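Here are my notes on the model, as promised. Have a look at the structure first, then go through the points in any order you like.

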Amino acid sequence: MIKVDRRRINKLNLPEISEGAVVYWMSREQRVRDNWGLLHARELAGSTRPLIVVFCLVPSFLGANLRQYDFMLKGLQQVERDLRGLGYDFALLSGQPDQTLPDFVRKVRAGIVVTDFDPLRIKQQWQVNIGQKLNVPLLEVDGHNVVPARFVTDKREYGARTIRPKIQKLLPEFLEEFPELLPASQKGEGFPMVDWDQVRNSLEVDESIGPVDLASGEAAAHAALNEFVEHGLGDYAEKRNDPNAEATSRLSAYYHFGQLAPQRAALTVASRPAGDSVDSYLEELIIRRELSDNFCLHTPNYDSLDSAPEWALKTLAEHSADRRDYIYSYDEFEQARTHSALWNAAQSQMVRSGFMHGYMRMYWAKKILEWSASAEEALRITIALNDRFELDGRDPNGYVGALWSIGGVHDRGWKKRPVFGSIRYMNERGCRRKFDVDAYVRKWG
Ligand code: FAD
């Protein structure tokens, strides 16, 4: 029997459940297994209601290009295949969800709609608009955070040290095994198979940033998790900050597109013998990642420097007129035309592979602060480049990573320096102490 913890569920509008199908509006969690939203929809369907899964494909989304769309569509194609294998209907709607979904819900005479939790502004706005247009309930289920973001705390946390004890206290209750998704009990409406070639041809996105070499979909995500846990996890604590070792999991794109449940990864990692690597991975995967969702949920302007803490804004203002040794434009950064071979190598790693190593992302963003006309401009350029080239871009982790690097979010003041003030500083000398910079430049430069 499926029973999803009620603390994961949030009702977004007033109507009560009525007769008819259950619609699961898949959005952030693009997978069939280990998906609390889909499981709750199945729980509501019980033995009497049909369950229809629908995905709304917007023709353009926050500047996403072919790189990100290609990865997502390949994953969704597998979602459709797996759902149909279990007897469920799958429909792909084209257009803004708040324009298309309410009509669809009426057409299929649904009695309730379930969707995924997502703290990004556009997703929250869609949910508000749709909730108002529906005369059936709209439920949001948090399938991204191990401890649900709305439950763990009701405020923006100061940093990892304040959210950590709250998450850790609740982990024993929430880090539970997922129930299996049962096959459909009721025959659906028989929606036709999606014509994926036609969908691809109808995209209106920038095709100059092409797909990257990372297999997409739930099966590939599970294979990558197992490969990492078997062969990479042991070295994680020691080598995770060495970009040449490539010792991190590289699972971020799978988490971002919801092809892999972070909770599945946490269960798998936690089942390995205890040690520094297990602790260190769970710290990143649970505490740091869920801190990002917490920030975006409670900070509507999560991509603006205005959301930086007061001490950081003060110190940046005090140093705004400091002389910059170099100032580059967006285009110079994008084309990796700075004086630094190391910075250029990091930028090329991201452009070519769709993935920059985590340690380099910090160095890379801090140098954009150092070499831009202002901190506001630096943040704008960092987010624009990150979201254009990273496969895992447009994620709470990205906005928070940029603001941590440039705006001191979730950090504290350090020794004062020109331009940075007391924002934490990084330089190439520090990188050389940590890893073989020349080898990295040879590989990516
Ligand atoms: P691993 O080291 O294997 O970590 C496992 C998982 O833990 C990651 O997949 C991620 O979900 C989480 N995690 C790791 N580091 C962090 C962190 N610092 N903050 C929050 N969660 C973390 N992450 C994104 O998912 N999307 C982004 O667009 C993004 N942009 C970033 C931009 C900047 C400037 C910075 C400083 C960080 C950014 N990060 C982003 C966070 C982090 O760098 C990446 O999640 C990580 O490098 C992904 O590689 P991995 O999966 O191999 O990580």
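**Notes on the model**

1. Let me begin with an arginine in a loop: R250 sits in the loop between α9 (236-239) and α10 (252-256). Helices here are DSSP runs of H or I with at least four residues, strands are runs of E with at least two, and both are numbered from the N terminus. R250 is not a glycine, yet its phi is positive, about 55°. With a relative accessible area of 33%, R250 is partly exposed; buried means under 20%, exposed over 50%, and partly exposed in between (1.4 Å probe, protein chains only).

2. Before going on, the ground rules. This is a predicted model, where local features need pLDDT of at least 70 and side-chain atom pairs count only at pLDDT 80 or more, while totals for chains, interfaces and linings use all residues. Residues are numbered from 1 along each chain as its sequence is written, and side-chain values use heavy atoms, with hydrogens and water left out.

3. Another arginine to check is R394, in the loop between α17 (375-389) and α18 (396-407). R394 also has a positive phi without being a glycine, at about 60°. Is R394 buried or exposed? Its relative accessible area is 5%, so R394 is buried.

4. On to the strands. β6 (residues 138-141) pairs with β1 (residues 9-11) in the antiparallel sense through three bridges, pairing being called when DSSP finds at least two bridges between two strands. I9 has V141 of β6 as its bridge partner. With β5 (residues 110-116), β6 runs parallel, and four bridges join the two; there, V114 is partnered by L139 of β6.

5. Which way do the side chains of β6 go? L138 and E140 point one way, L139 and V141 the other, and all are buried. E140 may catch your eye in that list, so do look at it on screen.

6. β5, helix α4 (residues 121-133) and β6 form a right-handed β-α-β unit. Right-handed here means that, with the strands pointing away from the viewer, the path from the first strand over the helix to the second runs clockwise.

7. Now the packing. The largest nonpolar core counts 96 residues, and Y69, L101, F104, V113 and Y281 have the most contacts inside it. Helix α2 (residues 66-85) gives the most to this core, with eight residues. Apart from it lies another core of 48 residues, among them A308, I368, L379 and L403. A nonpolar core is a set of buried Ala, Val, Leu, Ile, Met, Phe, Trp, Tyr and Cys residues joined through side-chain atoms within 4.5 Å.

8. F104 is a good residue to click on. Leaving out residues up to four places away in sequence, F104 touches V23, I52, V54, A91, L93 and F191, where contact means heavy atoms within 4.5 Å.

9. Helix α13 (residues 310-318) has two sides. A312, T315 and L316 are buried; down the axis of α13 the buried residues fall within an arc of 100°, so they line one face of the helix. That arc is taken over the directions from the helix axis to the C-beta atoms. The face turned away from the buried side carries the exposed residues E310, K314 and A317. Among the elements covering the buried residues of α13 are α16 (358-370), α17 and α18.

10. How many of the twelve residues of α18 are buried? Nine are, so α18 is largely enclosed by the rest of the structure. The buried ones include P396, Y399, V400 and W404, and the buried residues of α18 pack against α12, α13, α16 and α17.

11. Two serines of α12 (residues 276-298) are worth a look. S292 belongs to this helix and is buried at 4% relative accessibility; beyond residues up to four places away in sequence, S292 touches P396, N397 and V400. S280 is found in α12 too, and counts as buried at 15% relative accessibility. With the same sequence exclusion of up to four places, S280 touches Y236, A237 and R240. The C-alpha atoms of S280 and A237 are separated by 6.0 Å, with their positions 43 residues apart along the chain.

12. Last, the cysteines. C296 is buried at 2% relative accessibility, and C431 is buried at 0%. A search of the whole structure finds zero disulfides, a disulfide being a pair of cysteine sulfur atoms within 2.5 Å.
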